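User: I would like to learn how to read the features of a structural model, beginning with the surroundings of a ligand. Please give the general idea each time and then the case at hand.

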Amino acid sequence: MISQWQLRAAFAARLSDMYGREVPAYTTLVDVSREVNEDVLRAQGADAERLGSIGRVTAERHGAIRVGTPAELAQVARVFGALGMRPVGFYDLREAAASAVPVVSTAFRPVDREELARNPFRVFTSMLTPADPRFFDADLRARLETFLAGRELFPPELLALADRAEAERELPEDDAERFLQLAVTAFELSTEPIDRAWYETLERVSAVAADIGGVRSTHINHLTPRVLDIDELYRRMTERGIEMIDTIQGPPRWKGPDLLLRQTSFRALAEPRALRTPDGQVTSGALRVRFGEVEARGIAVTREGRALYDRLLTLLDQQAADRAELARTLWTEHVPGTERELAARELAYFTYHVVPDRPQDGSRPPQALDDLLAQGWVRAEPIVYEDFLPRSAAGIFQSNLSDAGSRDNEQQGAAYDSDWLSGAIGREVLDPFALYERQQSESLARVAAELDVRLT
Ligand code: OOG
Ligand code: NI
């Protein structure tokens, strides 16, 4: 029997092999990430593994896919449900100022601590919003919905196997093999000719709309390795002549603890694709859709921590000065510079653990968490951020947009939110804050029970 986490790890590994064949630059990114990770581990020792073992980090990937309809998203949820991945978080990329993209998104990922430690594979999944009149007029919406209704992204056999894997939380070896083959194939780039006129019609609204609704299948858009020093990676990729986007998205590099998520990418590469012209001829063309991305993960922040982050971004937006320098200044001024303070001010999440080899002099442990920490009874481990950032995601989407597309701001946007998404896919979209909070409070409950204290 192959368990869910083994299926998930195998799927991530095979997807990575497939994507490396399709997009060789991805392999370069993985190689450079591995080199940087080895160097960081050598330089920092155990500190380098504070937010995940090197085994976890080396295997860690997130993918990005894009689908067209709630029905397709519901099928995606079944495929990832088979792998023990649940929808977490709601991201509205339609609102991003400079780079509005007509999609709403969630991320499928494991949610339990042990499952995350085994393999944290996650997929940022976006769904097109044809019902949003700011992007699509009534006529284009109707044509788009008809086109999408007529395609099949996932064969029924794959979905049936997925349902079984989800219900039984494992599959017999032969079925697992079949499931993995079908699942990886579903995310390969199709060789079917693309209707050029239709693709270009959608491209005038948004390159992302064309990538989703202009073809009859879906594909993995990028697969992102995790790196322990993203500034160093950025330098090494640039040295190799690979042109990266201008910035590293997310929090600045600074002297305090790494928080949330920092990401960067290189621009989409031209890939050969078969195109069908209006007179019915098939020609070979090239499309720039898929790109390379890399990320560094920091500590998960609480709602208050997140509000602080968003506030600092707003402050940053109001300034014309060198953003990187100013970001560092702002962070130094407003964000606590140690894990201890982040925890004390309830800005970030930690799990708490009784220290096994503390001096046993027969004394009773104090009741306050602060004292338990200060006197060495308990230690705090940061919880790694497992999710995404809407602003960064909007910036990452830009990696394959050559122009801003068109959005008619006179129109009222169609309402989509987390509840709507839950209803559309028939599964609860989970609140990431609640998941981190639960990890933290469960660890505190264990400490209280083990030490027989009330934890004031
Ligand atoms: C998804 C872009 C967002 C991230 O890491 O923030 C993303 C896409 O391009 O489909 O992957
Ligand atoms: Ni990404």
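Analyst: To sort a ligand shell by class, Ala, Val, Leu, Ile, Met, Phe, Trp, Tyr, Cys and Pro count as nonpolar, Asp, Glu, Lys and Arg as charged, and the others, Gly among them, as polar. This is a predicted model. By these classes, the shell around ligand 1 has 6 nonpolar, 4 polar and 2 charged residues.

User: Which residues surround ligand 1?

Analyst: The shell consists of A64, R66, F124, S126, N221, Q263, E293, F388, S392, A393, I396 and F397.

User: Which elements each supply at least two residues of the shell around ligand 1, and which of the elements gives the largest share?

Analyst: Strands β2 (61-67) and β5 (122-128) each supply at least two, as does helix α16 (390-397). The largest share comes from α16, with 4 residues.

User: How should the overall form of the protein chain be read?

Analyst: One begins with the inventory of elements and then considers the dimensions. The protein chain has 18 helices and 14 strands. Its radius of gyration is 23 Å, close to the 23 Å that the globule rule gives for 456 residues, so the chain is as compact as a globular protein of that length. The C-alpha trace spans about 85 × 60 × 45 Å along the principal axes.

User: What share of the residues is buried, and what share of the contacts joins residues 24 or more positions apart?

Analyst: A residue is buried if 20 or more other C-beta atoms lie within 10 Å of its own, and exposed if 12 or fewer do. Buried residues amount to 43% of the 456 in the protein chain. Of the contacts with a separation of 6 or more, 74% are between residues 24 or more positions apart.

User: How does one recognise a helix with a buried face?

Analyst: An α-helix has 3.6 residues a turn, so residues three or four places apart point the same way. Helix α1 (residues 4-22) serves as a case: its 19 residues reach 26 Å from the first C-alpha to the last, close to the 27 Å expected at 1.5 Å a residue. Its buried residues are Q4, W5, L7, R8, F11, A12, L15, S16 and Y19. Seen down the axis of α1, these buried residues fall within an arc of 165 degrees, so they line one face of the helix. The face turned away from that buried side carries the exposed residues D17 and R21.

User: Which residues are buried in helix α11, and against which elements do the buried residues pack?

Analyst: In α11 (residues 230-239), the buried residues are I230, L233, Y234 and M237. Viewed along the axis of α11, they lie within an arc of 100 degrees, so they line one face of the helix. The buried residues of α11 pack against α2 (24-44), β9 (261-266) and β12 (292-297).

User: How is a single residue on that face examined?

Analyst: One counts its neighbours and then names its contacts. Y234 counts as buried because it has 21 C-beta neighbours inside 10 Å. Leaving aside neighbours within four places in sequence, Y234 is in contact with M244, I248 and T264.

User: Where does L259 lie, and what does L259 touch?

Analyst: L259 lies in the loop between α11 and β9. With 25 C-beta neighbours inside 10 Å, L259 counts as buried. Residues up to four places away in sequence not counted, L259 touches P251, G298, I299, V301 and A348. L259 and A300 are 41 residues apart in sequence, yet their C-alpha atoms are 6.5 Å apart in space.

User: How should a positive phi be read?

Analyst: Most residues other than glycine have a negative phi. Just after α11, the glycine G241 takes a positive phi of about 85 degrees. E346 is not a glycine, although it has a positive phi of about 55 degrees. E346 is in the loop between α14 (339-344) and β13 (350-354). Phi of D452, a residue other than glycine, is also positive, near 55 degrees. D452 is found in the segment after α18 (432-451).

User: Are E346 and D452 buried, partly exposed or exposed?

Analyst: E346 has 13 C-beta neighbours inside 10 Å and therefore counts as partly exposed. D452 has 8 such neighbours and so counts as exposed.

Note on methods:
Residues are numbered from 1 along each chain as its sequence is written. Chains are lettered from A and ligands numbered from 1 in the order in which they are written. This is a predicted model: local features need pLDDT of at least 70, side-chain atom pairs count only at pLDDT 80 or more; totals for chains, interfaces and linings use all residues. The expected span of a helix is 1.5 Å times one less than its number of residues. The arc is that of the directions from the helix axis to the C-beta atoms. A residue is near a molecule or strand if its C-beta atom, placed from the backbone, lies within 6 Å of it. The radius of gyration is taken over C-alpha atoms; the globule rule is 2.2 Å times the number of residues to the power 0.38. Two residues are in contact if their C-beta atoms, placed from the backbone, lie within 7 Å.
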